[in-house]
Amino acid sequence: MNRDHLRDLSAALAAALLVTTAAVIGTAVQDRYGTLRVSRPPLYGHWEPHVGPGTPAAIVVAVAVVAYGPLLAARLPWRALLVTTCGTAMAWTFSLALIDGWQRGIARRLTTRYEYLQVIEPVNRFDDIPAALRDFTRHILIHSPDAWPAHVAGHPPGATLTFVLLDRIGLGGGAWAGVWCIIAGATAAVAVLVTVRALCGEALARRAAPFLVLAPAAVWMGTSADGYFAAVAAWAVAFLALAVTGHRPGATGLASGLLFGLTAYLSYGLTLFAVIAGAALLLGSRRLRPLPYLLAGLVVVPAAFTFAGFDWWEAYHLLVTRYYQGAGGVRPYGYWVWANLACTALVVGPATVAGLRRAGAAAVREGFRRRLRTAVDAPESRLALLVFAALLALLTADLSGMSKAETERIWLPFALWLLPACALLTRPRAWLTAQAVLALLLNHLLLTGW
């Protein structure tokens, strides 16, 4: 075994040690003080070993991707690879969700008392959408009249409005909402591939494809609205990458701006995607031409919501108050500021941790710390800049203190952009096996809260 492989394993073992430490210390703190508000720290879930109808399918998908994924990723025509990636990611996510069964794993996930569908059934509080938007901020605080459920209050109304519009076109109820999130979330892998190809080269994108499919993140992408948010944000970056590399800069720049505007009205925290967007702009070779189209698209969604009577800034400040009225005011920052990173290690898996180590090494080799332009000339260093921008956004969210626990789903949009670092690994089948085993163990041993 060469030195690079030993370093990869050391990075993965360090991540495992972080997870173990977070579990041991977290369990002791929770048992003694009850302040973590999770039963299986650092994850939000319950210990419940189980199998389900999705178990055989999940194993088949995992074996197929490990055995054939790297070969197909290298040989398929590009468009066929994108379609195959999307379909396989969808199959992986569906099969993992169905380990918990149809009702518990998909149909009921978005109908709990914390979720978006609570404001649609049995009484649709968004029956008059303009009125609901005008009054949205009046129901954010816990003690306000008819306070919104936690997830409705915790997000701008674009998130809830998505499910309201699904209901209006006849796709109401928890089952359709869950299916929507899985299908939308699966497209995020395609968006990341498009971005990596445009900014870092096709070879690295192809090597990343199997890892984007077989990510442990799929455990939480299934029927979590954050999987849908991740897809919208990912496509915003993908269209930006196409725009700044000369692929129809007007149309793709406008599409990127529209999606970035929508992203800000799906989740307050996703404004940090500006960091990833900045990396895409830096890596682009034709930055100026798409900028007017990007900015024009960027104002559309905020202008529409503002005109409808929703004040984003007022809502955000009220959310901060509500956050500390609930579990956020009890959960200790001193534990979660590092235990959140243990959650992320589980979401992205050991392969991504090893890939990030390689990305750092590649950046150093190319003189990243000395001369930025030299660094971004090499495909590996360009990829390093992209994934480290996502890591910076994630760390900023962590330090903010507004994400204490439950980050296995909240940070999915950022975690997705760490996965391409796996393209730098050698021996992909061994690392894919580790990713699949971790995902299967998580889903079979824990009943996750999301």
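**Exercise 1. At what angle do helix α2 and helix α3 pack, and how many Å apart are their axes?** Then decide how the two helices run relative to each other, and describe their contact.

*Solution.* The structure is a predicted model, and the steps below read it as such. Begin with the geometry: helix α2, which covers residues 55-75, packs against helix α3, residues 78-97, at an angle of about 160 degrees, and their axes are 9 Å apart. Next, compare this angle with the cut-off, since angles over 145 degrees count as roughly antiparallel; α2 and α3 are therefore roughly antiparallel to each other. The handedness comes next, and the crossing of α2 and α3 is left-handed. Finally, look at the residues that meet: A57, A58, V61, A62, V65 and A73 come from α2, while α3 brings L81, T88, A91, W92, S95 and L96. Sorted by class, this contact holds ten nonpolar residues, two polar ones and no charged ones.

**Exercise 2. Is α3 roughly parallel or roughly antiparallel to α22?** Support the decision with the angle, and then name the residues that meet.

*Solution.* Helix α22 spans residues 428-445, and α3 packs with it at an angle of about 30 degrees, the axes being 10 Å apart. Because angles under 35 degrees count as roughly parallel, α3 is roughly parallel to α22. On the side of α3 the residues are W92, L96 and A97, and they meet A436, A439, L440 and N443 in α22. By class, the contact of α3 with α22 divides into six nonpolar residues, one polar residue and no charged residues.

**Exercise 3. Which classes of residue make up the contact of α1 with α17?** Work out the arrangement of the two helices before counting.

*Solution.* Helix α1 (residues 3-33) and helix α17 (residues 333-365) pack at an angle of about 160 degrees, and 9 Å separates their axes. With the same kind of reasoning as before, α1 and α17 are therefore roughly antiparallel to each other, and their crossing is left-handed. The contact of α1 with α17 has 17 nonpolar, three polar and five charged residues.

**Exercise 4. Is T162 buried or exposed?** Locate the residue, and then describe its surroundings.

*Solution.* T162 belongs to helix α7, residues 157-168. Its relative accessibility is 11%, and because buried means under 20%, T162 counts as buried. Leaving aside residues up to four places away in sequence, T162 touches W180, Y228 and L266. With Y228 there is also a polar contact of 2.8 Å between the two side chains.

**Exercise 5. Where do R37 and D146 lie?** Add the backbone angle phi and the exposure of each, and then turn to the cis peptide bonds.

*Solution.* R37 sits in the loop between α1 and β1, and its phi is near 60 degrees, a positive value in a residue other than glycine. With a relative accessible area of 43%, R37 is partly exposed. D146 lies in the loop between α5 and α6, with a positive phi near 50 degrees, and at a relative accessible area of 59% D146 is exposed. Now take the peptide bonds: the one from P41 to P42 is cis, with omega near 10 degrees, and P42 lies in the loop between α1 and β1. Another cis peptide bond joins E121 and P122, where omega is about 0 degrees, and P122 is placed in the loop between α4 and α5.

Note on methods. Residues numbered from 1 in each chain as written. Predicted model: local features only at pLDDT ≥ 70, side-chain atom pairs only at ≥ 80, totals over all residues. Heavy atoms only, no water. Helix = DSSP H or I, 4+ residues; strand = E, 2+ residues; numbered from the N terminus. Buried < 20%, exposed > 50% of the residue type's maximum accessible area, 1.4 Å probe, protein only. Polar contact = N/O pair within 3.5 Å; in protein donor to acceptor, adjacent residues only side chain to side chain. Contact = heavy atoms within 4.5 Å. Axes fitted to C-alpha atoms, helices over the stretch in contact; angles between N-to-C directions. Parallel < 35°, antiparallel > 145°, perpendicular 65-115°, else oblique. Left-handed = near helix turned anticlockwise from the far one by under 90°. Nonpolar A, V, L, I, M, F, W, Y, C, P; charged D, E, K, R; others polar.
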